[in-house]
Amino acid sequence: MKRVPSLTFDFKNMMTDQIGPVHGMGEEECARAFPLLDDVYRTFRESRNKGNLAFLDLPYQPTEKIKALAKKVQGRFENFVLLGIGGSALGPIAIQQALHSPYYNLLSKKERGGPRMFFLDNVDPTEVASLLEVLDPSKTAVNVVTKSGGTIETLAQFLIFQKWIYKKVGKEKGAAHFIVTTDPKKGTLREIAQKEGYATLEIPEPVGGRFSVLTPVGLFPAAVSGIDIDLMLQGAADLDQEFQKVPPHENAAVWGAFVHHWAYLIKRRNILVLMPYSEGLVGVAQWFVQLWAESLGKEKDISGKRISVGQTPVVAVGATDQHSQLQLYMEGPVDKTIQFLVVGSFGKDLPFPTVRSDTPIGLLAGHTLGSLLKIEQRAIEASLVESGRPNCKLIVPEINPYYLGALFYFFEFQTAFAGKLYGINPFDQPGVEAGKRIIHKLLKEEGQNRTKETSKRR
Ligand code: PA5
């Protein structure tokens with residue numbers, strides 16, 4: 001395997017010479033950005049040196065504790081259930097989808113090498129109850145993931161699973177079924193873990209939920225399912241080293257941040273459509289949606305001025321959504337940039353048998369499923385250019401732990417850098433917190449009413 005990270009960000013189809021001056025960026029405009037990028041990059045580096053961009057140093061963390069705990073779980077349990085929501089679930093799901101077969105849980109134990117993997121990132125009673133119906137509690141490990149340690153959805157899932165496991169194996173033996181991934185010091189889940197004697201893994205204090213995929217949040221379930229997490233971190237570390245060597249105007253993630261910020265600010269393109277042409281990267285696209293939306297969608301800038309900014313990220317899957325959303329993207333308002341997510345080579349491929357025919361089936365002769373999908377992407381890219389529609393692409397050589405680590409790092413870097421360009425804080429989420437407060441208030445009020453009614457009936 002080639003050990004040099006080479007994620008390529010290609011934005012030529014956002015330039016005037018490809019799509020015309022109305023929607024495109026001129027060469028001079030691009031060149032004019034260099035001093036701005038230098039300036040912003042300087043403050044970005046200063047923030048990193050002050051420890052305010054802790055996620056950038058995650059590639060260099062020790063992994064022994066994560067791997068040792070993962071080995072224990074592998075040896076002892078047949079099922080692994082991750083409980084979490086938002087940044088505490090999207091990253092682990094993305095890793096699983098990218099690096100394992102979609103039918104991983106149907107493989108034999110020997111083929112899998114680890115337990116069957118399940119991810120619950122909601123409190124839908126039908127979904128949760130249905131999972132409990134098919135699993136044996138005595139053979140199930142539960143990884144409760146929450147940075148704050150107090151997210152109500154995760155606590156709710158936890159209570160259901162704790163009762164389910166304790167009922168079957170008893171409280172004493174049940175403790176060995178739980179692994180809590182949370183803040184190193186504080187939070188409800190940390191307190192419960194200490195009291196009940198659960199194994200714990202730490203999410204470094206300054207790293208927030210949506211930037212936590214390269215902490216035990218993503219690394220532990222990955223290791224449990226047999227993924228080489230050191231290789232993931234190596235991919236991220238090599239990209240970091242590469243970024244540190246080059247000036248900002250040669251840094252692909254800096255350009256990723258700049259062109260989308262420019263499209264939003266100058267051309268009023270409010271929507272960013274991320275379109276992976278690989279089922280394995282759909283989870284990464286969904287993870288990116290949270291990262292981009294929650295980090296950059298802000299009412300106030302860092303000085304407190306009301307600016308209400310943020311691009312709306314959307315996932316469209318190639319080729320599926322060519323038959324769904326694409327019509328809108330080709331002919332609807334030019335309020336969006338399409339960013340393709342493309343892989344150099346697929347892990348598996350299937351050639352077509354040759355059928356001699358003048359109908360479309362004959363066109364498949366000499367091709368494979370992979371070459372068809374690649375041609376589809378190139379065709380859509382070309383047709384967008386023909387209609388003067390802005391688009392760009394991020395190319396990943398192949399989907400493996402190394403490049404996946406690099407890809408996560410790339411997008412996190414790009415998002416944090418875009419935060420600097422917008423002049424906002426990409427690491428808080430006051431909107432989400434406001435919702436959480438109201439949920440707590442309603443739970444309290446309605447809980448009290450229910451308790452009163454129950455005691456009246458008695
Ligand atoms: O990015 C974030 O901070 C949020 O999306 C959180 O991940 C989400 O709200 C869940 O929070 P926690 O991990 O504290 O349970």
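This is a dialogue about the pockets and the ligand site of a predicted model.

Tutor: Local features here need pLDDT of at least 70, side-chain atom pairs count only at pLDDT 80 or more, and totals for chains, interfaces and linings use all residues. Residues are numbered from 1 along each chain as its sequence is written, and side-chain values use heavy atoms, with hydrogens and water left out.

Student: What makes a space a pocket and not a cavity?

Tutor: The test runs on a 1 Å grid over the protein atoms alone. In a cavity, a 1.4 Å probe fits but cannot get out. A pocket is an open set of points with protein on both sides within 12 Å along at least five of seven lines.

Student: What volume does the largest pocket have?

Tutor: About 1,100 Å³. A volume is the space filled by probe spheres set on the grid points, which are joined across faces, edges and corners.

Student: Which residues of its lining are closest to the centre?

Tutor: Gln97, His100, Pro102, Glu279 and Gly280, out of 30 lining residues. Lining residues have an atom within 4 Å of a point, so each of the 30 meets that cut-off.

Student: How does the lining of the largest pocket divide by class?

Tutor: Into 15 nonpolar, 10 polar and five charged residues. Asp, Glu, Lys and Arg count as charged, so Glu279 is in the charged class. Gly counts as polar, so Gly280 is in the polar class.

Student: Which domains supply the lining of the largest pocket?

Tutor: Domain 1 (2–48 + 232–427) and domain 2 (62–203) each give at least three residues. The bounds come from an automatic or database domain assignment.

Student: What about the second largest pocket?

Tutor: Its space is about 740 Å³. It is lined by 36 residues, with Lys147, Gly209, Gln429, Glu433 and Lys436 nearest its centre. The largest share, five residues, comes from α17. Helices are DSSP runs of H or I with at least four residues, so α17 (430–457) qualifies.

Student: Which residues come nearest the ligand?

Tutor: Ser88, Thr146, Ser148, Thr151 and Gln290, among 14 around the ligand. Being near takes a heavy atom within 4 Å.

Student: Why is the pair between Ser88 and the ligand called a polar contact?

Tutor: A polar contact is a pair of N or O atoms within 3.5 Å. An oxygen atom of the ligand is 2.6 Å from an N or O atom in the Ser88 side chain, so the pair qualifies. The Glu294 side chain gives a pair at 3.0 Å, again with a ligand oxygen.

Student: How much of the ligand is covered?

Tutor: The protein covers 92% of the 380 Å² of accessible area that the ligand has on its own. Those areas come from the Shrake-Rupley method with a 1.4 Å probe.

Technical notes:
Helix = DSSP H or I, 4+ residues; strand = E, 2+ residues; numbered from the N terminus. Polar contact = N/O pair within 3.5 Å; in protein donor to acceptor, adjacent residues only side chain to side chain.
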